[in-house]
Amino acid sequence: MLTIQLTINGAAHRCEVSPNTTLLELIRDDMHLTGTKRGCDQGHCGACTVLLDGMPVNACLMLAVMADGKQVETIEAAAPGTKKHALQQALIEEGAVQCGFCIPGIVLSATALLEERPQASRPEIREALSGNLCRCTGYSRIIAAVEKAQERGRTNG
Amino acid sequence: MSDYKYIGRSVPIHDAQGKVTGSLRYAGDMVLPGMLHLALLTCDIPHGIVKSIRTERALALDGVVDVLHCFNTTKERFNRYRNIHGQKLINQEEIFPERVRFVGDRVACVIAETPQAARAALPLIEVEYERLPYATDAKTVIESGVLDDMFEDGAVYPAPELINGEQPDLTGTTITQTQAHFDRQSHVTMEPQACIADYDPLTGQATVYSPNQSVNGLRTVLADLFDLPYHKMRVVKTTMGGSFGSKQEWMAEPVALAAALHTGRPVKIVFTREQAMLSTITRAAFDGKMTTHVTPEGKVLSVDIETVIDAGAYLSNSLDYCIVVSSKIFRCYTFPYVRYNGKAVCTNSPVSGAFRSWGTAELYLLVEHHFNELARKLGMDATDFRLKNIVKLGDVDKKTGVSLGDVRIGDCIKQGREKFGWFAKRQAAEAFNAQNGRFLRGVGIGCGGHGNTYFPRREDFGAAQMRVSEDGTVLVNISLHDHGCGTVTAFQMMIAETLTIPIDQVAVGEADSSVTPFDLGCFASRTTYVLGRIAVDCAEKLKDLLVATIAKADGSEPEAVKIQGGQILAGDKHYSFADAAQYALHTLQQELTVMHQFVADSNPGVTGAHFAHVEVDTKTGMVAVLDYLAMHDIGKVINREITVAQIQGAVAMGTGCALTERMTPNKNGRFTSSLKDYHLRNCPEAPDVEVEFVEADSIGGPFGAKSIGELSLVPVAPAIMGAVNDALDASLSYLPLTPDRILKHLANGGESR
Ligand code: FES
Ligand code: FES
């Protein structure tokens, strides 16, 4: 077992992990943060997306030890007043959520995009979400929600 | 437009908040006290006999509780598809068979204290097999007879021949034959199958929590398997991360319950993606042949269809699958004479089963391709050709004799081609292609028809119960299984509209076999049409009771009391629902509650026409969808935004089925089992889809609504296929039209006709 220190949703944690524990196992199975989903465990679906130092990563592809000393943000991180919150509201209002299994990953990928490039064009939005598979929606309403969140970001700020 | 408060408007779905914040729990996220974990071992040979299983090394691992397999688990057989007690199906399957029949068949499961320990023990189980010859496609099975002893009754199951109508005079007609094919497809719900089974040895109570589409069907299958009394077998539906049919058959639940009964503790199983692809169900690989006689004016007089459904390793429901293809022939078009023959063939492949628009998408792939060929042969426009053969208002479904009611496929085609700019786009594509560049463009139309209920093919009925609380809010007890497309919210809307109260005063639960009234399950496109009708009728009954109660309280005649704007009006006095509930409680000593049962007695035609405009890259074989319109004859839309989104999702799915999605075997008989190789549309590739409705009050359903979820997939692959063929001036109908297949066609000098 190895000891790592990391920040998860703003709180500092010391964790004992085995060398082959994935970040997804640490988050879901050990920390019980089940908002992060396991859709494939192979890096193909994006349901496990979390932010590592602000960058979206597939938690199933990362070893927990690689997060040592880093900041991890999962869907559970409280978000009042943030871009993430605006996006979550927009997803609800735009009818972008169906079964919802892809949604936490999409929220985090899109949040990273809005933070980095608030003015991202539609093709850039599509590209930023290319690793997040959704089987229910056909993505149109999701793209509309990201654009609505962009719009609100502009008028608010 | 009507002045409905909710119907036809857009309301966010009831659990959207929990989904965007990650707080909502799916079965895989749930934890029960003392819960154990399962990992499933599936076999990696396509056909064989399990000779021995050695578990010592697995059992020695820390945290492992036990290993279940074919030598220590019930040999009782079941059918994964059974969804009602007494359903006539062949039971061929065991939880852990001694004879394994495909790569992915269940061999054993490890029960452990943690998911890590369960997974770690899997490679320590030693299984010795005797290998048997195998075949992974129907043609080989039929021709070689290699699987003749796979089951007591062989591997080939013919459907009864259907002959409908009298063969008319065929003088002057042209005969044409075409074929079409779908490779095996995977549902790819983002949530893999998962469930928790619990058993209390003291009380004998068994409970299963799973994202399933039929708590009652599942309850009886499980109880029969383990010889439990039905009243001690409870199934609770959990939040479902997508289904598309894949959660109406029972693969995970029997394993989990076997382990719970064995240990007397709750046990959770979560399928891996590989297991979700190989060891659940898939859309069958399909082959169809269609032969017609058509008049020079384009009227099809005689139709002969032959199909082969590759059932996979267990027959399960594939004979029904095969018969259902013929049930949809008269839902969109009508022909004087039809003959239909089909067979389901077992192979050493993943098991075929329910899949959004099961049987119907296969039929219309065949028919639409054939119609494109006929139109071309006769020099007619593809949309005009269809208009000559469609069903009309008031026609009957010739197979069942039941009225198609206000079926409006004609409006869909005519209004659709107008909105889409069909003729202009067709002309522009011709001009574009005349430049002989790298890219070629084309347009295609796909049509289809579906049902709204099992009626009259088999029994279809259901029930709802409603109760008014002391504060006037309403509790609705009905066996809903929301797949994630907003069923609960649609029901809240319909009930709130009927009761004239705000939507947040209506609570609609989901199915729990020990609590909610009996229902068949949420499939066969029956949820909104049948259960929605029941809910609305039940709400009307509740209104009558509210009126009668206030009439008593007020001392007036019931005829003088009415409900309006959420108030009960008696003369110039206003009462609330709360007043009625409290009067009933304290004075009448009754709960304000009604129960309503209903048997479905109609099944109008529900149709759609889709239009696609594509561009084919002749260098790469890739197809881009430039424009897409989905036009639907829906009766009445309940929740507009989410219905549009559901159709957009169907188009993305259907585009994948048309162009890339396929499960094929490798040389060891293992089918495609990862999302790296099974390519569904991602965000940059998904088409922009315009959705339009033909709305007209239909009969039978709630507020005139008809079905949509399954139907919306039916026209997609035909529309895309038609557009690709238009672009390439080809007759490709072996789907999906992968870049490889398109390039091969082009390399052969474009010869395919
Ligand atoms: S679960 Fe990590 S990408 Fe699918
Ligand atoms: S909403 Fe179901 S997978 Fe995206």
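## Two domains, two sheets and a chain interface

In chain A, 14 residues of domain 1 are in contact with 11 residues of domain 2. This is a predicted model. On the side of domain 1 of chain A that touches domain 2, two elements give two or more residues: strand E3 (49-52) and strand E4 (55-58) of chain A. E3(A) gives the most, with 3 residues. By class, that side of domain 1 of chain A has 7 nonpolar residues, 6 polar ones and 1 charged one.

Where do the two domains lie along the chain? Chain A is divided into domain 1, covering 2-73, and domain 2, covering 83-156. The centres of these two domains of chain A, taken over C-alpha atoms, are separated by 22 Å.

**The sheet in chain A**

E3 and E4 of chain A also belong to a sheet. It is an open sheet of 5 strands, in the order E2-E1-E5-E3-E4 (chain A). The pairing is mixed. Which strands stand at the edges? They are strand E2 (11-17) and E4 of chain A, and each pairs on one side only. With direction ignored, neighbouring strands of this sheet are turned by 40° against each other on average.

Inside the sheet, E3(A) runs antiparallel to strand E5 (residues 71-73) of chain A. The two strands are joined by 2 bridges. A:Leu52 has its bridge partner in E5(A), namely A:Val72.

A helix covers part of this sheet. Helix H3 (residues 103-116) of chain A packs on the sheet and touches E3 and E4 of chain A. The direction of H3(A) makes about 35° with that of E3(A).

**The sheet in chain B**

Chain B has an open sheet of 3 strands, ordered E21-E22-E23 (chain B), with antiparallel pairing. Why is one side of each edge strand left without a neighbour? Strand E21 (561-564) and strand E23 (573-575) of chain B each have a single partner strand, so one side of each has no neighbour in the sheet. From one strand to the next, the twist averages 30°.

E21(B) and strand E22 (residues 567-570) of chain B run antiparallel and are joined by 4 bridges. Across this pair, B:Gln564 stands opposite B:Gln567 in E22(B). Helix H14 (residues 527-554) of chain B packs on the sheet. H14(B) touches E21, E22 and E23 of chain B, and its direction makes about 130° with that of E21(B).

The table sets out the two bridged pairs.

| Strand pair | Bridges | Direction |
|---|---|---|
| E3(A) and E5(A) | 2 bridges | antiparallel |
| E21(B) and E22(B) | 4 bridges | antiparallel |

**Where the chains meet**

How many residues of each chain are in contact with the other? There are 39 residues of chain A in contact with 45 residues of chain B. Helix H2 (83-93), H3, helix H4 (122-128) and helix H5 (140-156) of chain A are the elements that give two or more residues to the side of chain A that touches chain B. H2(A) provides the largest share of that side, 4 residues. The side of chain A that touches chain B divides by class into 17 nonpolar, 14 polar and 8 charged residues.

**Confidence**

The model scores ipTM 0.98 and pTM 0.98. Chain B has a mean pLDDT of 97, and 99% of its residues reach 70 or more. Where pLDDT is low, the predicted coordinates should not be read in detail.

How values were computed. Residues are numbered from 1 along each chain as its sequence is written. Chains are lettered from A and ligands numbered from 1 in the order in which they are written. This is a predicted model: local features need pLDDT of at least 70, side-chain atom pairs count only at pLDDT 80 or more; totals for chains, interfaces and linings use all residues. Domain bounds come from an automatic or database domain assignment. Two residues are in contact if their C-beta atoms, placed from the backbone, lie within 7 Å. Ala, Val, Leu, Ile, Met, Phe, Trp, Tyr, Cys and Pro count as nonpolar, Asp, Glu, Lys and Arg as charged, and the others, Gly among them, as polar. Two strands pair if DSSP finds at least two bridges between them. Axes are lines fitted to C-alpha atoms, for helices over the stretch in contact, and angles run from 0 to 180 degrees between N-to-C directions. pLDDT is the predictor's confidence in each residue, from 0 to 100.
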